[in-house]
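Please look over the structure shown below. The report that follows takes up its strands, its largest pocket and a pair of helices.

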Amino acid sequence: MTPDHLNVALIGATGKVAAPAHLNGLAAIPGAHLYAVCDIDATTIDLLADRLGAKAFTSFEEVLADPAVDAVDLVTPPYLHSGQTMAAARAGKHVYCEKPMAQSLEQANAMILFHEQFGTTLMVGESYVFHHPIVAARAAIENGDIGDVLHIRETKGPWMMRREETSRLDGLSHEASAPWRVDPALSGGGRFPWIMDQAPHFFATARYLASGTEVTAITAHSQTGTTASEQVSETGAPTGQAITSVAWSFEGGIDSAWNQVESSQEAVSEVGFVTTVHGTKGTLVVYGEGGGAAPGMRQPPAVVLYRDGHTRVIDRENTTDRVWISNNNYYDSSHQAALQHWVDSILTGNPVRYSGEDGRSELAATLATIMSADEQRTIAPADVPAEWKAYHASER
């Protein structure tokens, strides 16, 4: 590592969902040099390395043995995160680990401890809290524009993928192109695999807008149906159950809720991720991943404040997104902002804004959500046993 750049190895580099955003993000960061790419398919990784002018690896252990590698960016399935993160720390490498950071709190604790012991930086990849409109909404809250936060409501509506993105994914959905998302053991979600991928996002967003307070109690509802978040069998048919709504409370009395709406685009007024923050003096409406108006409807600004009978645009941010048909830039830019922060933090020796402890908080809330849906009762994240996993040996 030199004072002005970091040699980064991207692990899981040939993935079709998050990996391209990481590749694009790293390429745009002045302090990041994409030194190496690693994946298990030798032919594919060689082609990618040749295109990028990077070194190709098919072995993570060989990546860690290379003294030129300063840091690793893990875009791998959750079941690999703890082992890879701890091995990297032992090798003296800094780590950016995609969420969810682990499958149990015991694993998360060990990941944090290893990086403390070896003096390396661990940042969990939570792009939502680096998404421009969400950052703008947090600034408005800190400015007192809505008074004290009372309630945060999040909705995940149907996604609208761009034609180019669907083509890149060979016509498959994000879930089908990243099979771990719907696998009980690979995701760590057991009967509710997809929620392991999505819940860290909505808990992180709400906690960020609640100024970092911790979740105290969670109640989750599941139902049998044919939603995009269900486990998908080898034939492509949905099976099992989906968690479709979650309610929780923060310290200090802030209440929050998340709901998934799986209808056709023609049946809704809004698509993608939408957050409404109610305060004692006003309300913010914030559009996140793929968020905006449904086709044929007027696209709103990315962040709007309602107060005293007036409407004020906080963040217009109507820019083109590579992935979503949306009214705000999300996917590549948010990953780039998070990775930029990670690189800058390492080069300057400053702490990261979204640490292993933050990732652990969202993991605890996610596991409590699954436990709540399983047991049909309210669960406190603090009561989730450290060793508890949402899947069983028979599901592996």
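## Antiparallel strands β15, β17 and β18

This is a predicted model. Strand β15 (residues 283–287) and strand β17 (residues 303–307) run antiparallel, joined by four bridges. Within this pairing, Thr283 faces Tyr306 of β17.

β17 also pairs with strand β18 (residues 310–315). Five bridges hold this second antiparallel pairing. Val304 is set opposite Val313 in β18. The two strands, β17 and β18, make a hairpin, with two residues between them. Asp308 sits in the turn and has a positive phi of about 55 degrees.

## The six-stranded sheet

A separate heading goes to the parallel strands. Six strands form an open sheet in the order β3-β2-β1-β4-β5-β6, and their pairing is parallel. The edges are β3 (55–57) and β6 (122–125). Each has a single partner strand, so one side of each lacks a neighbour in the sheet. From one strand to the next, the twist averages 25 degrees.

At the β3 edge, the partner is strand β2 (residues 32–38), which pairs with β3 in the parallel sense over three bridges. One residue pair can be picked out here: Cys38 has Phe57 in β3 as its bridge partner.

## The largest pocket

The largest pocket holds about 920 Å³ of space. Its lining counts 44 residues. Closest to the centre are Gly15, Val75, Thr76, Pro77 and Trp180.

Which elements give two or more residues to the lining? They are α1 (18–27), α4 (78–90), α8 (174–177), α10 (195–209) and α11 (331–348). α4 gives the most, with four residues. By class, the lining of the largest pocket has 20 nonpolar residues, 15 polar and nine charged.

## Helices α1 and α11

Two of the helices that line the pocket, α1 and α11, also cross each other. Two packed helices are described by the angle between their axes and the distance between the axes. For α1 and α11, the axes come within 8 Å. They cross at roughly 60 degrees.

Are α1 and α11 parallel or oblique to each other? Angles of 65 to 115 degrees count as roughly perpendicular, and those under 35 degrees as roughly parallel. The crossing angle of roughly 60 degrees falls in neither range, and α1 and α11 are therefore oblique to each other. The crossing of α1 and α11 is right-handed.

Methods:
Residues are numbered from 1 along each chain as its sequence is written. This is a predicted model: local features need pLDDT of at least 70, side-chain atom pairs count only at pLDDT 80 or more; totals for chains, interfaces and linings use all residues. Side-chain values use heavy atoms; hydrogens and water are left out. Two strands pair if DSSP finds at least two bridges between them. On a 1 Å grid over the protein atoms alone, a cavity is a set of points where a 1.4 Å probe fits but cannot get out, and a pocket is an open set with protein on both sides within 12 Å along at least five of seven lines; lining residues have an atom within 4 Å of a point. Grid points are joined across faces, edges and corners, and a volume is the space filled by probe spheres set on the points. Ala, Val, Leu, Ile, Met, Phe, Trp, Tyr, Cys and Pro count as nonpolar, Asp, Glu, Lys and Arg as charged, and the others, Gly among them, as polar. Axes are lines fitted to C-alpha atoms, for helices over the stretch in contact, and angles run from 0 to 180 degrees between N-to-C directions. Angles under 35 degrees count as roughly parallel, over 145 as roughly antiparallel, 65 to 115 as roughly perpendicular and the rest as oblique. A crossing is left-handed if the near helix is turned anticlockwise from the far one by less than a right angle, and right-handed if clockwise.
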